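Here are a few short exercises to work through with the model open beside you. Try each task before reading its solution.

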Amino acid sequence: MSEESGSVEILFVDGADVPIKHKHADRMIVMRDAAKPDGDALYYTPAEWEAFVLGVKDGEFDDMVEDAPHSPQSS
């Protein structure tokens with residue numbers, strides 16, 4: 001099944017399987033383009049991932065989003 005361009009894939013993997021040598025944890029989180037699984041990827045330690053997720057929830061990256069259509073709210 002091919003993924004649509006722009007789809008993000010998040011993987012939770014064994015740290016031994018991560019090619020990044022400058023940081024390591026027993027478990028790592030990988031973020032990549034689902035349409036290009038062999039392309040570039042971002043690797044996070046669990047602490048980095050937690051900080052990223054908390055930043056997203058806190059709106060730290062909202063200025064990076066183009067005007068996206070708002071989903072209709074149910075009444």
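**Exercise 1.** Decide whether Trp 49 is buried or exposed.

*Solution.* Start with the cut-offs: buried means under 20% relative accessible area, exposed over 50%, and partly exposed in between (1.4 Å probe, protein chains only). Trp 49 has a relative accessible area of 16%, so Trp 49 is buried. This is a predicted model, in which local features need pLDDT of at least 70 and side-chain atom pairs count only at pLDDT 80 or more, while totals for chains, interfaces and linings use all residues. Residues are numbered from 1 along each chain as its sequence is written, and side-chain values use heavy atoms, with hydrogens and water left out.

**Exercise 2.** Find how the rings of Trp 49 and Phe 52 are arranged.

*Solution.* Rings of Phe, Tyr and Trp (its six-membered ring) pair if their centres lie within 6.5 Å; planes under 30 degrees apart are stacked, over 60 edge-to-face, and the rest tilted. That rule gives five aromatic pairs. In one of them, Trp 49 and Phe 52 sit 5.4 Å centre to centre with 35 degrees between the planes, a tilted pair. Next, place them: both lie in helix 1, three residues apart, about one turn of the helix. Finally, ring pairs link these two with Phe 12, Tyr 44 and Phe 61 into a cluster.

**Exercise 3.** Work out which residue pairs with Glu 9 in a salt bridge.

*Solution.* Look for a side-chain nitrogen of Lys or Arg within 4 Å of a carboxyl oxygen of Asp or Glu. Arg 32 fits, at 2.7 Å from N to O. The partners are 23 residues apart, with Glu 9 in strand 1 and Arg 32 in strand 2.

Notes
Helix = DSSP H or I, 4+ residues; strand = E, 2+ residues; numbered from the N terminus.
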